[in-house]
Amino acid sequence: MNIVITGSTGFIGKNLINFLTKEKPKVKIYAIYNKTLPVYKNSNIKLIKFDSENIFQYDFINKNTSVIHLAWDYIPNYDTLKHKTTHLKIQKKFIKKILNKKPRSLFVMGTCFEYGFPRKKVDEQSEIKALNNYAQAKNLLRIYIKKIKPKFTNFTWGRLFYVYGKNQAKHTLYGQYIKYKENKNKLKKLVKNKNLELDYLNINTVCRYIAILALNKNDNNEVNICSGKKILLQNMINKWSKKKFIKVNNQNLDFFYGSNAKLRSIINESKK
């Protein structure tokens, strides 16, 4: 079996490739990159520069290939119209050519932002209310894939909630925490909404879930990748620091988190 991973230089991509090389050392991984050449010291990892026209001439994408598509441009500018204009067209063209190669499975990373911010626990059947251009473009891509995918290609759309971990981008909450973790006063200013509760997973757990979803033999369709629990952001920072730097206020909480019932069911099934 071959595994093709796009977005190999991103936060999730790098962690996922490192995870797979440890968990499945004999599997051949084709790491697709766009601008920056990634560095992986493993003979089973082949680096391929993205080329929207010529990459698909290679014969490594076939019925024994699992494709994990993580790449997406313009992050963290979630509101730019380029998500729905320029980039959505590129994504559709890319996916169509991938599916024409008839891979064993296709995993595509979606986003919890597709739900909007409904202030409740959401499952895969919850209403789509994408509030920014990034989420709207992602949702349009999901609809497009479901229309054109071959029946024999297993498809998973992973709606990722909030993730944290080592080497995360500086603009993220965890990235800012690492930057200011020795400065108590600046640490307190990280959480603008003092009463916000979100659904967080460690990157190592996220990688394990992606691997299970991408490599099983089922048409999983939409799956929430989340903990199924909400945590106050102050408590999240306190957990990372192992100190109670920020006083917790349990009044008038604003929250958004996901149901992971479907995810847990797939994981349990994969163990049989």
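# A guided tour of a predicted model

Start by selecting Asn 167, in the loop between S8 and H4. Helices here are DSSP runs of H or I with at least four residues, strands are E runs of at least two, and both are numbered from the N terminus. The model is a predicted one, in which local features need pLDDT of at least 70 and side-chain atom pairs count only at pLDDT 80 or more, while totals for chains, interfaces and linings use all residues. Residues are numbered from 1 along each chain as its sequence is written, and side-chain values use heavy atoms, with hydrogens and water left out.

Asn 167 is not a glycine, yet its phi is positive, near 70°. Its relative accessibility is 64%, so Asn 167 counts as exposed. On this scale buried means under 20% relative accessible area, exposed means over 50%, and partly exposed is in between (1.4 Å probe, protein chains only).

**Phe 11**

Asn 167 is one of the residues that Phe 11 touches, so select Phe 11 next, in helix H1 (residues 11-23). Is Phe 11 buried or exposed? Phe 11 has 17% relative accessibility and counts as buried. Leaving out residues up to four places away in sequence, Phe 11 touches Val 163, Tyr 164, Gly 165, Lys 166, Asn 167, Gln 168 and Ile 203; contact means heavy atoms within 4.5 Å. For a longer distance, pick Ser 259: it is 248 residues from Phe 11 along the chain, and the two C-alpha atoms are separated by 24 Å.

**Strands S1 and S2**

Strand S1 (residues 2-5) runs parallel to S2, and 4 bridges join them. Two strands count as paired if DSSP finds at least two bridges between them. Ile 3 has Ile 29 in S2 as its bridge partner. Strand S2 (residues 28-33) is mostly covered, with 5 of its 6 residues buried.

**The loop between S4 and H2**

Tyr 74 and Pro 76 both belong to this stop. Pro 76 sits in the loop between strand S4 (65-69) and helix H2 (86-100), and Tyr 74 is also placed between S4 and H2. Display the backbone here: the peptide bond from Ile 75 to Pro 76 is cis, with omega near 15°. Tyr 74 has a positive phi of about 70°, although it is not a glycine. At 31% relative accessibility, Tyr 74 is partly exposed.

**Strand S7 and its neighbours**

Now select strand S7 (residues 154-160). 7 of its 7 residues are buried, so S7 is largely enclosed by the rest of the structure. Both faces are covered: one side carries Asn 154, Thr 156, Gly 158 and Leu 160, and the other carries Phe 155, Trp 157 and Arg 159.

Which strands pair with S7? Strand S5 (residues 105-111) pairs with S7 in the parallel sense over 7 bridges, and Val 108 has Trp 157 as its bridge partner in S7. Strand S11 (residues 221-225) also pairs with S7 in the parallel sense, over 5 bridges; Arg 159 is partnered there by Asn 224.

**Gln 125**

Gln 125 is in the loop between strand S6 (121-122) and helix H3 (133-148). With a relative accessible area of 72%, Gln 125 is exposed. Glu 222 is 97 residues away from Gln 125 in sequence, but their C-alpha atoms are 8.9 Å apart.

**Helix H7 and the three-stranded sheet**

Helix H7 (residues 233-241) is mostly covered, as 7 of its 9 residues are buried. These are Leu 233, Gln 234, Met 236, Ile 237, Asn 238, Trp 240 and Ser 241. Their cover includes strand S8 (162-164), helix H4 (173-180), helix H5 (184-188), S9, strand S10 (200-202) and S12. Lys 242 follows H7 and has a positive phi, near 60°.

S9 and S12 lead to the sheet: 3 strands form an open sheet with mixed pairing, in the order S12-S9-S13. Strand S12 (231-232) and strand S13 (254-255) are the edge strands, each pairing on one side only. Strand S9 (residues 196-198) pairs with S13 in the parallel sense over 2 bridges, where Leu 196 stands opposite Asp 254.

**Zoom out**

Finally, show the whole chain. The protein has 8 helices and 14 strands, and its C-alpha trace spans about 55 × 45 × 40 Å along the principal axes. Buried residues make up 52% of the 272 residues. Of the contacts with a separation of 6 or more, 75% are between residues 24 or more positions apart.
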